[in-house]
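This report covers a protein and DNA model, its symmetry and the spaces in its surface and interior. The sequence and structure come first.

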There are 2 protein chains.
Amino acid sequence: MDIQLKRGLLDVCVLSAIKGEASYGYKIIKDLGHCIELSESTLYTILKRLELAGLLTVEAVEHGGRLRKYYRITAEGTARIAEFKREWREVMSIYQFIMKGDEAL
Amino acid sequence: MDIQLKRGLLDVCVLSAIKGEASYGYKIIKDLGHCIELSESTLYTILKRLELAGLLTVEAVEHGGRLRKYYRITAEGTARIAEFKREWREVMSIYQFIMKGDEAL
DNA sequence: GCGTAATACATCGTATCACGAAGTATTAGA
DNA sequence: TCTAATACTTCGTGATACGATGTATTACGC
């Protein structure tokens, strides 16, 4: 799918992927793979950005001799999802505009 | 609204604004203003990009002593809108994923 | 035992793109 | 006469998705 179209969705997708329970990079990619594909470099960039913004927290955990970073959503992160939900109404009205005059919406 | 969220919409919005009849920059901004705001620098950048991509054609017309560039959608431009329509199904399924587990969708 | 895939995270450079700032020019109205 | 509206252009910047590449360990097939 179009990269530009993904841009506004990715951050919130990642937040949504950890909103239930803490998760880690590799798992997030697998979980999201069903509906939206993203590369590792993209994900880790996003995770770092979201951490800096305070939307999630990180906790490194030893797992089978390997390091695993668990990401947990914060209250700000949850608020971001709620904000997205509000913005979505605007997005839909733009979609309506684009489709205006088109048969079979 | 969030810039990232706008990104995937802007090009198609502009195409949609000229899909009925040819229009020019200043008018497109006014027409789109109802549902999505964009600055002049943004619009003219988009118009040039869409022209280079063959999604629209330009025709300069003298109007009241001033130059006015009329933009007209091409078959490729119309196809782009149709493609967007198809992509939108994917976007909606991503939206469903984000909202999953949320009361009151 | 050995090679390969899977797991797991990180960094760098690049291309795309929306936008503010600033500029040019004309016309209409206060 | 000054300002606002009309109309288009260019430049620089910051944000960001991604491919390429690198590092390490574990698990599995042969």
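How much space lies in the largest pocket? About 360 Å³.

## Basis of the model

The model is predicted, and local features need pLDDT of at least 70, side-chain atom pairs count only at pLDDT 80 or more, and totals for chains, interfaces and linings use all residues. Residues are numbered from 1 along each chain as its sequence is written, chains are lettered from A and ligands numbered from 1 in the order in which they are written, and side-chain values use heavy atoms, with hydrogens and water left out.

## Pockets

A pocket is an open set of points on a 1 Å grid over the protein atoms alone, with protein on both sides within 12 Å along at least five of seven lines; lining residues have an atom within 4 Å of a point. Grid points are joined across faces, edges and corners, and a volume is the space filled by probe spheres set on the points. The largest pocket has 17 lining residues, and R7(B), L10(B), D11(B), I46(B) and R49(B) lie nearest its centre. Two elements of chain B, α1 and α3, each give at least two residues to this lining; α1(B) gives the most, with six. Elements here are DSSP runs numbered from the N terminus: helices are H or I of at least four residues, strands are E of at least two. By class, the lining of the largest pocket has six nonpolar, five polar and six charged residues. In this scheme Ala, Val, Leu, Ile, Met, Phe, Trp, Tyr, Cys and Pro count as nonpolar, Asp, Glu, Lys and Arg as charged, and the others, Gly among them, as polar.

The second largest pocket has a volume of about 310 Å³. It is lined by 14 residues, of which R7(A), L10(A), D11(A), I46(A) and R49(A) are the closest to its centre. In chain A, α1 and α3 are the elements that supply two or more residues to this lining, and α1(A) gives the most, with seven residues. Its classes are four nonpolar, four polar and six charged.

## Symmetry and cavity

A turn of 180 degrees and a shift of 0.0 Å along the axis lay chain A on chain B with an RMSD of 0.0 Å. That is the relation of a two-fold axis. The superposition is by least squares on the C-alpha atoms of residues with pLDDT of at least 70 in both copies. Of the interface residues of chain A, 100% are also interface residues in chain B, so the copies meet through the same surface; contact means heavy atoms within 4.5 Å.

The whole structure has one cavity of 30 Å³ or more, a cavity being a set of grid points where a 1.4 Å probe fits but cannot get out. The largest cavity holds about 70 Å³ of space. Its lining consists of Q4, L5, G8, L9, W88 and V91 of chain A and Q4, L5, G8, L9, W88 and V91 of chain B. The elements that give two or more residues to this lining are α1 and α4 (75-99) of chain A, with α1 (3-18) and α4 (75-99) of chain B. Eight of the lining residues are nonpolar, four are polar and none is charged.

## DNA strand C

There are 25 residues around DNA strand C, and Y26(A), R66(A), R68(A), K69(A) and K6(B) come nearest; a residue is near a strand if one of its heavy atoms lies within 4 Å of it. Sugar and phosphate make up 72% of the atoms of DNA strand C within 4 Å of the protein.

Polar contacts are pairs of N or O atoms within 3.5 Å; within protein, one must be able to donate a hydrogen and the other to accept it, and residues adjacent in sequence count only if both atoms are side-chain atoms. On DNA strand C, a base nitrogen lies 2.8 Å from a polar side-chain atom of E40(A). From chain B, a polar side-chain atom of R49(B) lies 2.7 Å from a phosphate oxygen, and a side-chain N or O atom of R7(B) is 3.0 Å from a sugar or linking oxygen. The surface near this strand has eight nonpolar, seven polar and ten charged residues.

## DNA strand D

Around DNA strand D there are 24 residues, with Y26(B), E40(B), Y44(B), R68(B) and K69(B) nearest. Of the strand's atoms within 4 Å of the protein, 72% belong to sugar or phosphate and the rest to bases. The side chain of E40(B) places an N or O atom 2.7 Å from a base nitrogen of DNA strand D. Phosphate oxygens of this strand lie 3.0 Å from a side-chain N or O atom of T42(A) and 3.2 Å from a backbone N or O atom of G25(B).
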